[in-house]
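Student: I have a model open and some labels I want to understand. Can we go through the reasons behind them?

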Amino acid sequence: MKLTTRSHYSVKALLDLSLQPNYGPTSVKAIALRQDLPAPYLEKLLIEMRRSGLVKSVRGSQGGYQLAYQPSQISLGQILEAVGETIEPLPGYQPDIEQGSDWVTFSLWKRLHEKLKEALYKITLADLYYDARSWQASLGEATTFVV
């Protein structure tokens, strides 16, 4: 599994949305400014996440994007999946049936993949939020938040 800029920006954007009062809508421009992300690219990612049902778009002058669910109901695995990131190791790979060591390593990677996938679907936006707040508190920082 490879974590890309695409997945990093997607997680940052949804974590930012989770910090909005009452999870209200916020504009792409506001998220981009707070998180130092390119707005056009962020817009594309949010559209993909809207299509997958993780966020909702709200029209109007006070509109923008907002979470479709509580942060505790959105996992990292769902976010990665929504923006087309593959979680599969060695997609399409078939071990050589004549090589015992090939089967052993393939089996190992498959087991590690299952554990990683399990972890990605257990870690939620709420977990990330509390981790970040704990880190900030340990540094004595104020509650302003940039991922």
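Student: Why is L112 called partly exposed?

Tutor: Buried means under 20% relative accessible area, exposed means over 50%, and partly exposed is in between (1.4 Å probe, protein chains only). L112 has 44% relative accessibility, so L112 counts as partly exposed. This is a predicted model: local features need pLDDT of at least 70, side-chain atom pairs count only at pLDDT 80 or more, and totals for chains, interfaces and linings use all residues. Residues are numbered from 1 along each chain as its sequence is written, and side-chain values use heavy atoms, leaving out hydrogens and water.

Student: Which element holds L112?

Tutor: Helix α5, residues 100-122. Helices are DSSP runs of H or I with at least four residues, strands are runs of E with at least two, and numbering starts at the N terminus.

Student: What makes L108, W109 and L112 a patch?

Tutor: A patch takes residues with over 30% relative accessible area and no salt bridge (a side-chain nitrogen of Lys or Arg within 4 Å of a carboxyl oxygen of Asp or Glu). Nonpolar side chains (Val, Leu, Ile, Met, Phe, Trp, Tyr) are joined within 5 Å, like charges within 9 Å. L108, W109 and L112 form a nonpolar surface patch, with about 310 Å² of accessible area together (Shrake-Rupley method, 1.4 Å probe; only the protein chains shown count as cover).

Student: And S18: buried or exposed?

Tutor: Buried, because its relative accessible area is 8%. S18 sits in helix α1, residues 5-18.

Student: What does S18 touch, not counting residues up to four places away in sequence?

Tutor: Y23, L67 and P71. Contact means heavy atoms within 4.5 Å.
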